[in-house]
Amino acid sequence: MYAFTFERPASLADAAKLAAGDAKPLAGGQTLLASMKLRLSSPEALADLSGIKELAGIRRDGDALVIGAMARHADVAASPEVQAAIPALADLAAHIGDKQVRAMGTLGGSVANNDPSACYPSAVLGLGATVVTTQREIAADDFFQGMFATALEEGELITAIRFPIPRRAAYLKFKQPASRFALIGVFVAQTAQGVPNVRVAVTGGGSGVFRHAGLEAALAQNFTPEAAAAVPVDDSELSSDIHASAAYRANLISVQAQRAVAQMLQK
């Protein structure tokens with residue numbers, strides 16, 4: 001490591017002031033600290049958000065579930081509120097990384113980082129959630145803007161994410177064995193309202209999380225694995241690397257969508 005200033009603000013207001021300056025928010029550090037060790041990132045100051053109580057917590061708010069930005073993956077996985085309202089979200093959190101990652105990584109950190117193979121962005125987009133920040137509220141469809149890119153402005157901090165409670169949902173992930181990131185992850189949700197009433201979000205496929213319009217349209221008309229299987233998945237904009245070809249990822253999107261629908265119909 002190299003020398004840097006470490007701050008631990010006790011309030012959101014103090015954190016916002018530090019973030020507006022030269023401090024890099026530390027929301028668990030699963031990505032940031034590793035990148036600093038490799039000298040891929042070299043902030044002069046860190047602002048550790050873990051001591052800010054108002055950024056933690058999970059609560060039901062009418063037809064939505066509000067989860068604080070500093071809720072750790074293990075907290076989300078074990079939460080009775082999440083398990084009752086959106087069990088697919090609890091299951092997703094329970095299978096992120098390993099125990100050490102789940103004990104330290106946070107919802108807000110994952111969403112703000114927007115790794116193209118991370119699990120949480122697919123839940124945020126698939127459920128049509130709202131990202132609440134220190135400055136505004138941002139719809140999921142407007143938040144994710146490509147690889148490691150989001151709508152967040154400089155110094156803007158995520159405070160919570162508000163998830164509408166769906167009729168039912170499922171997340172199926174095919175893991176990359178070494179990293180445990182999603183080689184392909186597909187989040188399918190039947191929403192309580194809206195057109196279409198089915199949302200399908202894919203992670204691990206390319207430069208960032210995205211919705212699959214073809215699968216959404218087909219499943220809105222006929223919510224069956226067969227309907228999903230009949231939808232062609234274009235591989236022209238999917239990633240191809242040492243782990244999987246674009247064609248293989250395209251097939252995985254179809255297969256995981258079919259399995260997610262089948263799982264939802266069993267409940």
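**Exercise 1. Where is the place of Arg180?**

Before we start: this is a predicted model, where local features need pLDDT of at least 70, side-chain atom pairs count only at pLDDT 80 or more, and totals for chains, interfaces and linings use all residues. Residues are numbered from 1 along each chain as its sequence is written, and side-chain values use heavy atoms, with hydrogens and water left out.

*Solution.* Step 1: look in the loop between E9 and E10, and there you'll find Arg180. Helices (H or I, at least four residues) and strands (E, at least two) are DSSP runs, numbered from the N terminus.
Step 2: check the backbone. Arg180 has a positive phi of about 70 degrees, although it isn't a glycine.
Step 3: check exposure. Arg180 has a relative accessible area of 40%, so it is partly exposed. Here buried means under 20% relative accessible area, exposed over 50%, and partly exposed in between (1.4 Å probe, protein chains only).

**Exercise 2. Work out whether the length of helix H12 agrees with its expected span.**

*Solution.* Step 1: H12 covers residues 246-265, which is 20 residues.
Step 2: the expected span is 1.5 Å times one less than the number of residues, so H12 should span 28 Å.
Step 3: the end C-alpha atoms of H12 are 29 Å apart, which agrees.

**Exercise 3. Describe the surroundings of Ser254 in helix H12.**

*Solution.* Step 1: with a relative accessible area of 10%, Ser254 is buried. Other buried residues of H12 include Leu252, Ile253 and Ala257.
Step 2: leave aside neighbours within four places in sequence, and Ser254 is in contact (heavy atoms within 4.5 Å) with Ala228, Ala229 and Val233.
Step 3: now zoom out. The buried residues of H12 pack against several elements, among them strand E9 (168-175), strand E10 (182-190) and helix H11 (225-229).

**Exercise 4. Sketch the open sheet of five strands.**

*Solution.* Step 1: draw the strands in the order E4-E5-E8-E6-E7, with antiparallel pairing. Two strands pair if DSSP finds at least two bridges between them.
Step 2: mark the edge strands, E4 (58-61) and E7 (137-139), each of which pairs on one side only.
Step 3: add the bridges. Four of them join E6 (residues 130-133) to E8 (residues 158-164), and Val132 has Ala160 in E8 as its bridge partner.
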